[in-house]
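Please look through the model below, with an eye to how its strands are arranged and what packs against them.

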Amino acid sequence: MQDRNPEATPGWYDRHVMPRLVGGLCGMKGVRRFRSRIVPEAQGRVVEIGIGPGHNLPLYDPARVERIWGVDPVLEMTAPAARAIAACPIPVELIAAGAESIPLETASADCAVLTYTACTLPDVPSAMAELRRVLKPGGQVLFCEHGASCDAAVCRWQDRLDPLWARLAGGCHLNRRVDRDLREAGFDVELRFEGYMPWTPKPVGYTRIGAARRRD
């Protein structure tokens, strides 16, 4: 996940409660099943935005992935990743940074992975532009993200709940559209799945899974 403000000093809730709450929710078996529908497609040199406690690491295919850069500005979120990194057969490097300013060279990555983290990006256009910068020509973004529902009635509830939800859930927003954000940043988007996670309330669980290729 990404911090609500990369330059802000996190308070007690952000340092102690929020990482465990978000880490637990994002690590549920049902959420893992959704992640597993796209993460194994990653290949080459991969940059994962919002690596957090490393929930995706067991899903990467070591025959396809050369190395992983795990980007996350919230150190309290990445601390539990040590065990997952030790068990991962792929070299993993943690980078303490926000998605809006990734300290990697231009065109250094083959693939980027976004799973339940685009909802927390403080500056979506800047983050998407930075993803495009670090990807090689023709590189792709693999995503599994929750956001705005296709149902107008649910969308209205998402808009109503979003301010409170964002404060309680580490800057997570209910009403974003990762597919639209990627298209606006210069990617061609292929949606593989769009619908509700069956085990969550509708305002929280509308998910889009797909791949976006850098448009050159």
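In which sense do E6 and strand E7 pair, and over how many bridges? In this predicted model, strand E7, which covers residues 206-214, runs antiparallel to E6, and nine bridges link the two. One of the residues involved is Val 189, whose bridge partner in E7 is Ala 212.

This pairing belongs to a wider arrangement, an open sheet in which seven strands follow one another in the order E3-E2-E1-E4-E5-E7-E6, with mixed pairing. Strand E3 (92-95) and strand E6 (187-196) each have a single partner strand and therefore stand at the edges, with one side of each left without a neighbour in the sheet. Averaged over this sheet, and with direction ignored, neighbouring strands are turned by 15° against each other.

A helix also packs on the sheet, namely H5, which is formed by residues 124-134. Helix H5 touches strand E1 (44-49), strand E4 (109-115), strand E5 (135-146), E6 and E7, and the direction of H5 makes about 140° with that of E5.

Turning to the protein as a whole, one finds eight helices and seven strands. When contacts between residues at least 6 apart in sequence are considered, 73% of them join residues at least 24 apart. Of the 216 residues, 52% count as buried, if buried is taken as under 20% relative accessible area. The protein exposes about 9,800 Å², of which carbon and sulfur atoms supply 55%.

Key
Residues are numbered from 1 along each chain as its sequence is written. This is a predicted model: local features need pLDDT of at least 70, side-chain atom pairs count only at pLDDT 80 or more; totals for chains, interfaces and linings use all residues. Side-chain values use heavy atoms; hydrogens and water are left out. Helices (H or I, at least four residues) and strands (E, at least two) are DSSP runs, numbered from the N terminus. Buried means under 20% relative accessible area, exposed over 50%, partly exposed in between (1.4 Å probe, protein chains only). Contact means heavy atoms within 4.5 Å. Accessible areas come from the Shrake-Rupley method with a 1.4 Å probe; for residues, only the protein chains shown count as cover. Two strands pair if DSSP finds at least two bridges between them. Axes are lines fitted to C-alpha atoms, for helices over the stretch in contact, and angles run from 0 to 180 degrees between N-to-C directions.
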